[in-house]
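Biologist: Please take me through one part of this model in detail, starting from a single side chain and working outwards. I would like the local surroundings, and then how they fit into the whole.

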Amino acid sequence: MSDTDPFWKTKRLAEMTRAEWESLCDGCGRCCLHKLRYEDTASLAYTNVACRLLDLDTCRCSDYANRRRRVPDCVQLTPRVLREIDWLPPSCAYRRLAAGKDLAWWHPLVSGDPETVHEAGISVRGRAVGEKRAGPLDHHIVEWPGSVPRTRRPPRKETAP
Ligand code: SF4
Ligand code: SF4
């Protein structure tokens with residue numbers, strides 16, 4: 001570790017500033033998909049049905065400041081909450097860091113480009129449906145939010161000297 005390492009490599013999650021913590025979200029929108037929990041087995045199923053406040057194009061919450069009032073079961077992530085929940089997708093930056101992993105190449109903090117989370121097939125763009133249109137959740141069970149596609153960092157573009 002060096003003095004030039006970025007904050008997510010030098011600080012524990014509980015030590016981060018609010019701004020650092022918020023910047024860890026890669027904007028994938030996967031945690032804003034509805035999930036089903038089966039009572040008999042307690043197992044979890046992801047659906048491709050998005051919370052009504054999720055912008056299906058940007059994959060960001062359309063009213064982040066007021067989300068807890070408008071969607072009472074929206075969960076505010078904190079270091080403590082991270083230890084208590086099991087439904088964050090494996091690609092989630094918070095889950096990765098909590099497990100001792102680094103951020104992936106597609107993360108905007110690494111790539112410097114908010115589009116890479118979409119280009120890498122991590123975000124929900126193009127494959128989520130809004131809850132008003134969806135109908136019964138159990139018609140929308142999908143596995144992809146629970147997996148991480150194998151994606152390679154695209155080669156750097158040559159630039160003229
Ligand atoms: S899954 Fe994690 S990284 Fe993706 S939007 Fe939710 S909090 Fe952000
Ligand atoms: S209220 Fe916003 S942050 Fe919360 S689940 Fe819905 S879209 Fe996501």
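Modeller: R67 is buried, at 11% relative accessibility. Buried means under 20% relative accessible area, exposed means over 50%, and partly exposed lies in between, with a 1.4 Å probe and protein chains only. Everything here comes from a predicted model, in which local features need pLDDT of at least 70, side-chain atom pairs count only at pLDDT 80 or more, and totals for chains, interfaces and linings use all residues. Residues are numbered from 1 along each chain as its sequence is written, chains are lettered from A and ligands numbered from 1 in the order in which they are written, and side-chain values use heavy atoms, with hydrogens and water left out.

Start with the address. R67 belongs to helix α3, which covers 67-70. Helices (H or I, at least four residues) and strands (E, at least two) are DSSP runs, numbered from the N terminus.

Now the neighbours. Setting aside residues up to four places away in sequence, R67 touches L53, C61, C74 and Q76. Contact means heavy atoms within 4.5 Å.

R67 also lines a ligand site. Ligand 2 has C32, C51, L53, L54, C61, R67, V71 and C74 around it. Such a residue has a heavy atom within 4 Å of the molecule. L53, C61 and C74 thus appear twice, as contacts of R67 and as members of the ligand 2 shell. By class, that shell holds 7 nonpolar residues, no polar ones and 1 charged. Ala, Val, Leu, Ile, Met, Phe, Trp, Tyr, Cys and Pro count as nonpolar, Asp, Glu, Lys and Arg as charged, and the others, Gly among them, as polar. The charged residue is therefore R67 itself.

What space does ligand 2 take? It is the largest pocket. A pocket is an open set of points on a 1 Å grid over the protein atoms alone, where a 1.4 Å probe fits, with protein on both sides within 12 Å along at least five of seven lines. A molecule sits in one if more than half of its atoms lie within 2 Å of its grid points.

Ligand 1 sits in the largest pocket too. Its shell is C25, D26, C28, G29, C31, L77, P89, C92, A93 and Y94. Those residues divide into 8 nonpolar, 1 polar and 1 charged.

Next, the chain around R67. C59 is in the loop between β2 and α3. C59 is buried, at 3% relative accessible area. Its phi is positive, about 65 degrees, although C59 is not a glycine. Most residues other than glycine have a negative phi.

A42 has a positive phi of about 65 degrees as well, again without being a glycine. It is in the loop between β1 (33-37) and β2 (44-50). A42 is partly exposed, at 45% relative accessibility. A42 and R67 are 25 residues apart in sequence, with 27 Å between their C-alpha atoms.

On the other side of α3 comes V75, in the loop leading to α4 (79-84). V75 is partly exposed, at 34% relative accessible area. It touches V81 and W87, not counting residues up to four places away in sequence. From V75 to G130 is 55 residues along the chain and 19 Å between C-alpha atoms.

Two positions late in the chain complete the tour. P136 lies in the loop between α8 (131-134) and β4, and is partly exposed at 45%. P136 and R37 are 99 residues apart, but 14 Å separates their C-alpha atoms. G146 follows β4 (141-142) and is partly exposed at 36%. G146 is in contact with R30, Y46 and P90, leaving aside neighbours within four places in sequence. Its C-alpha is 8.6 Å from that of A45, which is 101 residues away in sequence.

Finally, the whole. The protein has 8 helices and 4 strands, in the order α-α-β-β-α-α-α-α-α-β-α-β from the N terminus. Of its 161 residues, 37% are buried. Among contacts with a separation of 6 or more, 60% join residues 24 or more positions apart. The C-alpha trace spans about 55 × 35 × 30 Å along its principal axes. The radius of gyration is 17 Å, which agrees with the value near 15 Å for a compact globule of 161 residues. That radius is taken over C-alpha atoms, and the globule rule is 2.2 Å times the number of residues to the power 0.38.

Notes: On a 1 Å grid over the protein atoms alone, a cavity is a set of points where a 1.4 Å probe fits but cannot get out, and a pocket is an open set with protein on both sides within 12 Å along at least five of seven lines; lining residues have an atom within 4 Å of a point.
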